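Trainee: Please take me through one part of this model in detail, residue by residue where that helps.

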Amino acid sequence: MLPLILRFLLAALRTRRSLLLENLALRHQVQVLERGGKRPRLTNCDRTLWVVISQIWHGWRKSLITVQPETVIRWHRMGFHLY
């Protein structure tokens with residue numbers, strides 16, 4: 001219960017700018033994934049966007065990882081299997 005309360009308090013303290021930049025980063029990742037292919041390629045525009053985001057948002061590294069939905073499902077299944 002305590003970790004849940006702490007996460008709620010931290011989320012309440014986040015700035016609107018930080019939330020907007022995180023939303024932008026996550027939407028960009030979805031667009032990259034929708035391009036298809038086994039390993040989506042980043043264009044120069046994609047790289048430029050991440051350079052700009054990294055300059056104005058200090059928490060950008062947390063949103064950098066791009067994974068396939070199947071990967072997340074596999075992680076959950078492995079976790080439940082270990083449990």
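Mentor: Ser63 touches Glu22, Ala25, Leu26, Gln29, Trp50 and Trp57, once its neighbours within four places in sequence are left aside. The model is a predicted one, and these contacts should be read accordingly. Ser63 sits in the loop between H3 and helix H4, the latter spanning 69–82. With a relative accessibility of 6%, Ser63 counts as buried, because the cut-off for that class is under 20%. Its C-alpha atom is separated by 11 Å from that of Arg27, and the two residues are 36 places apart along the chain.

Two of the contacts of Ser63, Ala25 and Gln29, also belong to the H2 side of the contact between H2 and H3. Trp50, another contact of Ser63, belongs to the H3 side. That pair of helices is the next topic.

Two packed helices are described by the angle between their axes and the distance between the axes. For helix H2 (residues 16–34) and H3, the axes come within 11 Å and cross at roughly 160°. An angle over 145 degrees counts as roughly antiparallel, so H2 and H3 fall in that class. Their crossing is left-handed. On the H2 side, the contact is made by Arg17, Leu21, Leu24, Ala25, His28, Gln29 and Val32, and on the H3 side by Asp46, Leu49, Trp50, Ile53 and Ile56. Sorted by type, the residues of this contact comprise 8 nonpolar, 2 polar and 2 charged.

Asp46 merits a separate look. This residue is part of helix H3, which runs over residues 44–56. Asp46 has a relative accessible area of 5% and is therefore buried, the limit being under 20%. A polar atom of the Asp46 side chain lies 2.8 Å from the backbone nitrogen of Thr43. Not counting residues up to four places away in sequence, Asp46 touches His28, Val32, Arg35 and Arg41. Of these, His28 and Val32 are also listed on the H2 side of the helix contact.

Leu20 is also found in helix H2. Its relative accessibility is 48%, so Leu20 counts as partly exposed, between the limits of 20% and 50%. Leu20 and Leu9 are 11 residues apart along the chain, and their C-alpha atoms are separated by 18 Å.

Methods: Residues numbered from 1 in each chain as written. Predicted model: local features only at pLDDT ≥ 70, side-chain atom pairs only at ≥ 80, totals over all residues. Heavy atoms only, no water. Helix = DSSP H or I, 4+ residues; strand = E, 2+ residues; numbered from the N terminus. Buried < 20%, exposed > 50% of the residue type's maximum accessible area, 1.4 Å probe, protein only. Polar contact = N/O pair within 3.5 Å; in protein donor to acceptor, adjacent residues only side chain to side chain. Contact = heavy atoms within 4.5 Å. Axes fitted to C-alpha atoms, helices over the stretch in contact; angles between N-to-C directions. Parallel < 35°, antiparallel > 145°, perpendicular 65-115°, else oblique. Left-handed = near helix turned anticlockwise from the far one by under 90°. Nonpolar A, V, L, I, M, F, W, Y, C, P; charged D, E, K, R; others polar.
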